[in-house]
Amino acid sequence: MDSVLRSSLPKTTGEAKFVSDLRLPDCLYGHVVRSPHAHAKILNLDITAAKRTPGVAAVITANDIPGINRLGKTRFDQPVLAHDKVRTYLDAVVLIAAEDEQSAREAEEKIEWEFEPLPAVFSIAEATQPGASLVHEDRPGNILNEIELAIGDISLGFKDSELIIQESYKTPAIEHSYFEMDTGLIKKDQSGMYTLWVGCHSVYSERMIAANTLDIDEEQVVVIQPYTGGSFGGKDDGLLTAYLSLLAYHSQRPVRISFSRHEEFIAHTKRHPQWIKVKMGLRKDGTITAVKFDIQTDTGAYAHWGEGIFTFASIGASGPYNIPHQKISTTLVYTNNIPMGAMRAWGMPGVTFAMESQMD
């Protein structure tokens with residue numbers, strides 16, 4: 001009871017401090033400038049005029065990253081700042097630290113850039129057709145991964161059935177829509193230590209991202225997670241930490257970033273959409289003899305947790321039922337959509353909806 005009161009009472013009384021409540025003296029406004037295209041080569045990027053904007057302390061591109069310009073969960077396929085090309089509207093191209101939002105947006109207007117638009121793919125059908133534009137050149141057919149799981153003999157299972165039912169189901173991508181938007185605060189002290197306040201899932205992961213991005217030891221980074229106003233999987237990207245770290249490094253001032261609700265819809269991952277075909281074999285006494293799942297998902301422009309999520313969902317697709325013959329085939333496809341990632345129950349709501357609808 002004691003621990004519950006310590007955790008919940010400050011929220012009830014309004015004393016709890018969320019990241020959104022925190023401020024630091026002499027703090028700069030952090031601004032993220034994103035891609036104007038879903039898929040394009042970056043031909044030219046000139047920030048000279050933007051840097052001269054009154055009130056601007058730092059303007060940063062991929063060339064200004066001292067450490068690793070990559071992050072990811074199962075694959076390091078996502079740049080912190082786009083360098084040679086952009087793959088989705090989420091991609092950040094420039095970071096700005098300024099005295100206020102007005103100065104930052106004025107600097108953004110002075111950025112000179114030139115892109116060569118590339119064909120974009122926004123559906124699994126477009127992404128997998130022959131000759132489709134590749135989101136990542138090393139993934140032929142835009143296939144991130146294919147997962148095959150089986151037990152028993154699926155052909156025998158259907159042969160032994162007296163009734164076969166086949167249906168298709170679809171679940172959409174979903175925005176987490178947490179109350180507290182993605183917000184972070186960072187400062188660097190005279191000893192070179194960075195202290196970061198951010199809503200996240202793992203302070204250790206965020207610490208590693210900051211250190212890798214700046215090419216410093218993890219011992220130089222302290223990550224503090226105050227009360228967090230919701231996440232459900234959405235505050236697990238690490239991008240905000242990378243942006244803050246770079247801005248603090250180059251400006252040598254405290255920096256705060258807080259996304260608007262509009263930005264939230266493009267600034268972090270969503271729940272994966274699923275297209276599911278289920279074929280089920282049964283006997284008249286109600287015994288399920290076989291079930292076959294064909295699952296497709298659009299993972300967006302980057303892998304994030306996709307492979308882990310759909311390994312988990314594939315294992316659990318057939319639910320709690322005793323079915324001797326099963327086959328699960330799952331395909332994860334790259335597109336130029338906003339990346340998909342973790343959300344509560346890791347892919348299970350989609351396959352459970354399909355299985356239980358099939359049972360009905």
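**Close-up views of the chain**

**View 1. Strand 10 (residues 194-198) and strand 11 run parallel and are joined by four bridges.** This is a predicted model, in which local features need pLDDT of at least 70 and side-chain atom pairs count only at pLDDT 80 or more, while totals for chains, interfaces and linings use all residues. Residues are numbered from 1 along each chain as its sequence is written, and side-chain values use heavy atoms, with hydrogens and water left out. Strands (E, at least two residues) and helices (H or I, at least four) are DSSP runs, numbered from the N terminus, and two strands pair if DSSP finds at least two bridges between them. Within this parallel pair, T195 has V222 of strand 11 as its bridge partner. Strand 11 covers residues 221-224, and its side chains alternate along the strand. V221 and V223 point to one face and are buried, whereas V222 and I224 point to the other face and are not buried; here buried means under 20% relative accessible area, exposed means over 50%, and partly exposed lies in between (1.4 Å probe, protein chains only).

**View 2. E206 is a buried residue of helix 6, which spans residues 203-214.** The relative accessible area of E206 is 3%, so this residue counts as buried. When its neighbours within four places in sequence are left aside, E206 is in contact (heavy atoms within 4.5 Å) with V198, C200, V223, G238 and T241. Two of the strands in View 1 reappear here, since V198 ends the range given for strand 10 and V223 is one of the buried residues of strand 11. F265 lies 59 residues from E206 in sequence, and the C-alpha atoms of these two residues are 21 Å apart in space.

**View 3. An open sheet of three strands has the order 4-2-6, with antiparallel pairing.** Strand 4 (85-86) and strand 6 (112-117) stand at the edges and have a single partner strand each, so one side of each is left without a neighbour in the sheet. Strand 2, residues 40-46, runs antiparallel to strand 6, and six bridges join the two. At D46, the bridge partner in strand 6 is E112.

**View 4. The largest pocket is lined by 13 residues and has a volume of about 230 Å³.** On a 1 Å grid over the protein atoms alone, a cavity is a set of points where a 1.4 Å probe fits but cannot get out, whereas a pocket is an open set with protein on both sides within 12 Å along at least five of seven lines, and lining residues have an atom within 4 Å of a point. Grid points are joined across faces, edges and corners, and a volume is the space filled by probe spheres set on the points. V32, R34, E108, E263 and I266 lie nearest the centre of the largest pocket. Strand 1 (28-34), helix 3 (101-109) and helix 8 (261-267) are the elements that give two or more residues to this lining, and strand 1 has the largest share, with four residues.

**View 5. The search of the whole structure finds three cavities of 30 Å³ or more.** The largest cavity has a volume of about 120 Å³, and of the 18 residues that line it, D182, D237, G238, L239 and L240 are the closest to its centre. Helix 7, residues 239-251, gives the most to this lining, with four residues. The second largest cavity holds about 50 Å³ of space and is lined by Y29, G30, H31, V32, R105, I257, S258, F259 and E263. Strand 1 and strand 12 (255-258) are the elements that give two or more residues to this second lining, and the largest share, four residues, comes from strand 1.

**View 6. S177 and A345 have positive phi values in residues other than glycine.** S177 has phi near 55° and sits in the loop between strand 8 (163-171) and strand 9 (183-188). With 37% relative accessibility, S177 counts as partly exposed. For A345, phi is near 80°, and the residue lies in the loop between strand 17 (340-341) and helix 10 (348-359). A345 also counts as partly exposed, at 45% relative accessibility.

**View 7. The whole chain has ten helices and 17 strands.** Its C-alpha atoms fill a box of roughly 75 × 60 × 35 Å, taken along the principal axes. Of its 360 residues, 51% count as buried. Among contacts in the chain with a separation of 6 or more, 81% are accounted for by residues 24 or more positions apart.
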